[in-house]
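Here is a short briefing to read beside the model. Keep the sequence and the 3D view open as you go.

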Amino acid sequence: MDSGASEEVAHDFRPFFRVFKDGRVEKYKLFDQIKPVPAGLDPETGIETKDVVLSPETGVSARVFVRKTDGGPDRKLPLLVHYHGGGFCAGSPFDTASKGFLSTMVSRANVIAISIDYRLAPENPLPIAYEDSFEALKWIGATRMDLARNLGESAGANIGQYVAARAGAASLAGVRIKGMLIVHPFFGGKEVDEMYKFMCPTSSGLDDDPKLNPAVDPDLPKTACEKVLVCVAEKDWLRNRGVKYYEALCGSGWKGKAELEEAKDEGHCFHLFSKNERAEQLINKMVDFITKD
């Protein structure tokens, strides 16, 4: 094979990945500060993590975050189900970003968190990530018959909405989603999203795809949760799409209660990387949403 030809790039989807003409995929490193973290007890936070396999057939797993206690009564805590962001092709429950954010949520909201390690595109074409996440929710329903909260940021918020709508349409037994946090969600627009279309060959990449535009999803009114908090950021390029989703949900006939929260002067998923006052305010808002009925 001509080595020069093998280095020709067919698609370049910065900052996520590029595809060579021979079919190879090379992923860019998004953030130098994000590192893999092994499971175990973090003595600084008192948060213990454990990895579990959800499907031996697919290899899909998850990381559980729980606050280590010194004993006492065995009290069943609410469950927070997390879908990480990363453009459907990056991110992980097993890195420093997820560890920092979910450790904070577990400590402050007094919950157990489980973050789903869905298979990433484009090596695993969409809708595999959606299917993995829905199967994970069904696994949770078979093991924990209690209230759950869904939380997703960016692409994970997109997946979280999809999972909740499918759960409602299927009358999924075993899981009652008490609330859902949709944080800086990724949804489609009027122009073709070429990267999404490449990752999901069955999609038009346009807003006629229910996964990219919940407003055209006939199952949107069936979204299986009692309340939704939609968080957007003023300087996030996805801000208007998050507002549009909020408006579509409220106008769909869905029976729950929705709230819109906007962070001023901030960009996409700033709370994962900043420790400023506005990040603290957003974290507190999410904790308040989780802990109150």
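## Briefing: three buried residues, a helix and a pocket

Val60 is in contact with Val53, Leu54, Ser55, Asp117, Arg119 and Asp132, leaving aside its neighbours within four places in sequence. Keep in mind that this is a predicted model. The points below start with Val60, then move on to other sites.

**Val60**

- Val60 is found in strand 6, which covers residues 60–67.
- The relative accessible area of Val60 is 3%. Buried means under 20%, so Val60 is buried.
- Val60 and Tyr245 are 185 residues apart in sequence. In space, their C-alpha atoms are 29 Å apart.

**Ser154**

- Ser154 lies in a loop, between strand 9 (147–153) and helix 4 (155–169).
- Ser154 has 10% relative accessibility, so it counts as buried.
- Not counting residues up to four places away in sequence, Ser154 touches Gly85, Val183, His184, Pro185, Phe186, His268 and Cys269.

**Lys211**

- Lys211 is also in a loop, the one between helix 5 and strand 11 (225–233).
- Is Lys211 buried or exposed? At 16% relative accessibility, Lys211 counts as buried.
- Lys211 is in contact with Pro127, Tyr130, Asn158, Tyr162, Phe187, Tyr196 and Cys200, once its neighbours within four places in sequence are set aside.

**Helix 7**

- Helix 7 runs over residues 277–291, which makes 15 residues.
- At 1.5 Å a residue, helix 7 should span 21 Å. Its end C-alpha atoms are 21 Å apart, so the model agrees with the expected span.
- Which residues of helix 7 are buried? They are Ala279, Leu282, Ile283, Met286, Val287, Phe289 and Ile290.
- These buried residues cover an arc of only 160° around the axis, so they sit on the same side of helix 7.
- Look at the start of helix 7 for a polar contact. There, a side-chain oxygen of Asn276 comes to within 3.2 Å of the backbone nitrogen of Arg278.

**The largest pocket**

- Rolling a probe the size of a water molecule over the atoms shows where empty space is left.
- The volume of the largest pocket is about 900 Å³.
- The largest pocket is lined by 43 residues. The closest to its centre are Phe16, Leu30, Gly86, Gly87 and Ala90.
- Which elements give two or more residues to the lining of the largest pocket? They are helix 2 (96–109) and helix 5 (194–199).

Conventions. Residues numbered from 1 in each chain as written. Predicted model: local features only at pLDDT ≥ 70, side-chain atom pairs only at ≥ 80, totals over all residues. Heavy atoms only, no water. Helix = DSSP H or I, 4+ residues; strand = E, 2+ residues; numbered from the N terminus. Expected span 1.5 Å × (residues − 1). Buried < 20%, exposed > 50% of the residue type's maximum accessible area, 1.4 Å probe, protein only. Arc of directions from axis to C-beta. Polar contact = N/O pair within 3.5 Å; in protein donor to acceptor, adjacent residues only side chain to side chain. Contact = heavy atoms within 4.5 Å. 1 Å grid on protein atoms, 1.4 Å probe; cavity = no way out; pocket = protein on both sides within 12 Å on 5 of 7 lines; lining within 4 Å. Points joined across faces, edges and corners; volume = space filled by probe spheres on them.
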